[in-house]
Amino acid sequence: MTMQQPRGRVLVVDDQPSNIELLHDIFKAVHEVEFAMDGEKAIDMAESALPDIVLLDVQLPGIDGFEVCKRLKDNPKTQHIPIIFLTARRDVDDMVKGYKMGAVDYVTKPFNWFELIAKVNTQLVLKDVKAELRNAYQREEQFFRQIQLSIEESDMTLSGKRAPVRQKILIVDDSVNSIETLENVLRDEYELFFATSAEEAKRVAIEVVPHLIMLDVVLPDSSGYEVCEELKRQAETQDIPIVFVTSRDSAEDEVRGFQAGAIDYIVKPYRPNIVTVRMRNLLELVRNRDLLKRLTLTDALTNIPNRRNFQEVYQREWFRALRSGEPLSILMMDIDNFKRYNDYYGHPQGDVCLKKVAKALYTARKRNTDFLARIGGEEFVMVLPNTDQDGANNFATSVLNAVRQLNIPHVQNENKGQVTLSIGLLTCKPSHKIKRDEALSLADECLYQAKQQGRDRIAQRDMTI
Ligand SMILES: Nc1nc2c(ncn2[C@@H]2O[C@H](COP(=O)(O)OP(=O)(O)OP(=O)(O)O)[C@@H](O)[C@H]2O)c(=O)[nH]1
């Protein structure tokens with residue numbers, strides 16, 4: 001998962017001064033670190049200082065770590081704070097109890113720096129994502145609900161019961177036994193894909209784009225570390241979180257795994273309950289991250305992609321066309337005399353009009369790869385990959401008609417009487433001779449001409465000849 005290094009306030013709860021010293025050394029460079037040496041003190045400090053994360057020892061004098069966790073989770077003031085247990089390896093079976101109390105993860109002693117840092121970072125990112133989602137919800141409750149609904153809808157199948165589509169996990173292991181064990185643990189909750197070699201893993205990862213990859217370190221044709229590094233280098237796969245699953249449990253191996261870009265490290269033999277809960281935590285992070293990304297890339301009024309989204313997609317399509325040599329068409333679209341519409345019918349009615357036009361444009365799209373965005377007040381853009389001037393002109397004509405057919409009255413729109421659109425259409429073959437921004441400016445110039453020539457029309461330029 002691509003993540004920036006988050007900064008936060010870490011509360012360490014441990015009764016061993018040597019552990020406190022060690023944890024202080026690990027985190028002091030990036031985080032603010034505070035300490036408590038018993039459970040009661042930990043609860044007081046959590047309530048007053050509201051840290052971003054609590055690292056909690058299980059064995060404590062007085063009330064133990066489980067009880068501290070329970071009390072923090074019962075308190076509305078502290079229940080949002082993620083808790084990671086610090087535990088001796090022999091207590092790992094107890095960790096199911098920790099998860100039931102509301103902990104998000106655990107780390108075994110003696111500490112592996114990389115594991116600890118990676119897990120704390122993951123939880124800080126997740127906490128930030130959740131906070132941003134809560135803010136978005138408060139700011140734009142209705143918009144938030146729409147996005148959430150559209151995600152849930154795309155997560156549904158129409159298989160009779162409209163069961164939610166399960167998140168996808170790719171399991172990479174050359175041992176059939178290991179695959180079967182994980183399959184038994186995870187198949188009820190997730191859609192599983194399998195690969196038994198490095199090459200197959202890379203191919204399936206690109207084809208399926210799973211939500212998470214569980215990756216064995218030892219593979220017949222390469223090492224899991226190399227697969228991980230390669231997936232992290234590629235744009236299509238770099239955001240997929242990777243968890244190493246291996247019987248190699250030396251500290252060096254774990255460090256190597258986290259350095260390669262893994263988000264977690266699970267040592268065989270698995271404890272099924274622990275695997276289930278860890279996967280659930282990581283996949284919750286993925287789901288929330290995707291929801292937040294959708295929110296930041298969607299226009300709140302019309303619910304179609306926004307300018308930022310357009311910039312990403314346009315760049316991607318430009319480079320794709322540059323590689324393939326295919327033509328690319330750009331439609332710059334602008335509602336005619338919209339200022340007068342607002343002045344005459346009022347701003348709220350203007351919003352209704354914008355929503356109707358956005359819907360008509362979206363419905364007019366012929367291919368899934370045709371991309372529509374709202375990039376300004378009453379300005380929309382469409383990118384049509386692999387479309388020549390003739391095709392794009394036919395399409396633009398159908399778009400003009402779709403808006404006319406909405407029959408939205410606009411008495412101030414000169415002699416038209418209804419809402420209309422002007423379109424600037426540019427077709428080009430991306431090459432080193434024409435720059436991306438230049439193509440957009442040329443499409444804008446065409447739009448300006450369409451306005452000059454009387455609106456409700458297309459003005460075009462073909463740069464492929
Ligand atoms: N209702 C509403 N109006 C908006 C929104 N964003 C921008 N506008 C309005 O859109 C109008 C755009 O006006 P202009 O850029 O002058 O263009 P125009 O009146 O459409 O004129 P031409 O483009 O030349 O046909 C302005 O009045 C903006 O206030 C919005 O989200 N909702």
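Colleague: Let me start with D456: where does this residue sit?

Modeller: D456 lies in the loop between helix 16 (436–452) and strand 15 (458–462). Helices (H or I, at least four residues) and strands (E, at least two) are DSSP runs counted from the N terminus. This is a predicted model, in which local features need pLDDT of at least 70 and side-chain atom pairs need 80 or more, while totals for chains, interfaces and linings use all residues. Residues are numbered from 1 along each chain as its sequence is written, and side-chain values use heavy atoms, without hydrogens and water.

Colleague: What is the phi of D456 like?

Modeller: D456 is not a glycine, yet its phi is positive, about 55 degrees.

Colleague: And why is D456 called buried or exposed?

Modeller: The class comes from relative accessible area (1.4 Å probe, protein chains only): buried is under 20%, exposed is over 50%, and partly exposed is in between. D456 counts as buried because its relative accessibility is 14%.

Colleague: Which other residue has a positive phi without being a glycine?

Modeller: V209 does, with a phi of about 45 degrees. V209 belongs to the loop between helix 8 (198–208) and strand 8. Its relative accessibility is 38%, so V209 counts as partly exposed.

Colleague: Which peptide bond should I look at for a cis case?

Modeller: Go to the bond from K109 to P110, which is cis with omega near -5 degrees. P110 is in the loop between strand 5 (105–109) and helix 5 (113–139).

Colleague: Now the sheet: in what order do its five strands run?

Modeller: The order is 7-6-8-9-10, in an open sheet with parallel pairing. Pairing needs at least two DSSP bridges between two strands. Strand 7 (191–195) and strand 10 (264–267) are the edges, each pairing on one side only. Neighbouring strands here are turned by 20 degrees against each other on average, with direction ignored. Strand 6 (residues 168–172) pairs with strand 7 over five bridges, in the parallel sense, and I169 stands opposite L192 in strand 7.

Colleague: Which strands does helix 9 touch?

Modeller: Helix 9 (residues 224–233) packs on the sheet and touches strand 8 (212–215), strand 9 (242–246) and strand 10. A contact means heavy atoms within 4.5 Å. The direction of helix 9 makes about 175 degrees with that of strand 9.

Colleague: How should I read two packed helices?

Modeller: Two numbers describe such a pair, the angle between the axes and the distance between them. Axes are lines fitted to C-alpha atoms, for helices over the stretch in contact, with angles from 0 to 180 degrees between N-to-C directions. In this model, helix 14 (residues 347–364) and helix 15 (residues 389–404) have axes that come within 9 Å and cross at roughly 145 degrees.

Colleague: Which residues of helix 14 and helix 15 meet there?

Modeller: V357, A360, L361 and A364 in helix 14 meet F395, V399, A402 and V403 in helix 15.

Colleague: What about N309 and K339: which is buried and which exposed?

Modeller: N309, in helix 12 (residues 307–324), counts as buried because its relative accessibility is 12%. Beyond its neighbours within four places in sequence, N309 is in contact with L297 and F371. K339, in helix 13 (residues 338–345), counts as exposed because its relative accessibility is 63%. K339 and Q412 are 73 residues apart in sequence, with 9.6 Å between their C-alpha atoms.

Colleague: And how many helices and strands does the whole chain have?

Modeller: The protein chain has 16 helices and 15 strands, and 50% of its 465 residues count as buried.
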